[in-house]
Amino acid sequence: MTNQWTNRKILSEYFTGSIDVQVDFMDEYPDSANQYRRYNQPFIREIKRALDVFSLKANT
């Protein structure tokens, strides 16, 4: 199964807090057996990092 991350989907996930929940879950259960989550973990973390920086700049 593939999952397409469109720009709209990424922004929606970030600003609704879903990416924060995903990162918290990954931190709490680092040895998750979910192959999809393990595969996408670096991508999700990089999105969060980049959008956190962007969000901080936009709010100042």
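This tour of a predicted model goes from the segment before helix H1, through H1 and the nonpolar core, to a cavity.

**Stop 1: Gln4**

Select Gln4, which sits in the segment before H1. Is Gln4 buried or exposed? Its relative accessible area is 65%, over the 50% cut-off, so Gln4 counts as exposed. Add Val23 to the selection and draw a C-alpha to C-alpha distance: the two residues are 19 Å apart in space and 19 residues apart in sequence.

**Stop 2: helix H1**

Next select H1, residues 7–15, and colour Ile10, Glu13 and Tyr14, which are buried. Why do these three lie on the same side of H1? Their directions around the helix axis cover an arc of only 100 degrees, which places them on one side. An α-helix has 3.6 residues a turn, so positions three or four apart point the same way. Now turn to the other side of H1, where Arg8 and Phe15 are exposed. To see what lies over the buried residues, show H2 and H3, which are among the elements that cover them. After the end of H1, select Gly17: its phi is positive, near 90 degrees.

**Stop 3: the largest nonpolar core**

Select Trp5, Ile10, Tyr14, Ile19, Val23, Met26, Ile44, Ile47 and Leu51 and show their side chains; these nine residues form the largest nonpolar core. Which helices each supply at least two residues of this core? They are H1, H2 (18–28) and H3. Ile10 and Tyr14, already coloured as buried residues of H1, belong to this core. Val23, the partner in the distance from Gln4, is also a core member.

**Stop 4: Met26**

Keep Met26 from the core selection and show what lies around it. Leaving out residues up to four places away in sequence, Met26 touches Arg37, Gln41, Ile44 and Arg45. Of these contacts, Ile44 is a member of the core as well, while Arg37 and Gln41 appear again in the lining at the next stop.

**Stop 5: the cavity**

Rolling a probe the size of a water molecule over the atoms shows where empty space is left. How many cavities of 30 Å³ or more does a search of the whole structure find? The search finds one, and the volume of the largest cavity is about 40 Å³. Select its lining: Met26, Tyr29, Pro30, Ser32, Arg37, Arg38 and Gln41. By type, three of the lining residues are nonpolar, two polar and two charged. H3, residues 35–58, gives the most to this lining, with three residues. Met26 ends the tour as a residue of both the core and the cavity lining.

Notes
Residues are numbered from 1 along each chain as its sequence is written. This is a predicted model: local features need pLDDT of at least 70, side-chain atom pairs count only at pLDDT 80 or more; totals for chains, interfaces and linings use all residues. Side-chain values use heavy atoms; hydrogens and water are left out. On a 1 Å grid over the protein atoms alone, a cavity is a set of points where a 1.4 Å probe fits but cannot get out, and a pocket is an open set with protein on both sides within 12 Å along at least five of seven lines; lining residues have an atom within 4 Å of a point. Grid points are joined across faces, edges and corners, and a volume is the space filled by probe spheres set on the points. Helices (H or I, at least four residues) and strands (E, at least two) are DSSP runs, numbered from the N terminus. Ala, Val, Leu, Ile, Met, Phe, Trp, Tyr, Cys and Pro count as nonpolar, Asp, Glu, Lys and Arg as charged, and the others, Gly among them, as polar. A nonpolar core is a set of buried Ala, Val, Leu, Ile, Met, Phe, Trp, Tyr and Cys residues joined through side-chain atoms within 4.5 Å. Buried means under 20% relative accessible area, exposed over 50%, partly exposed in between (1.4 Å probe, protein chains only). Contact means heavy atoms within 4.5 Å. The arc is that of the directions from the helix axis to the C-beta atoms.
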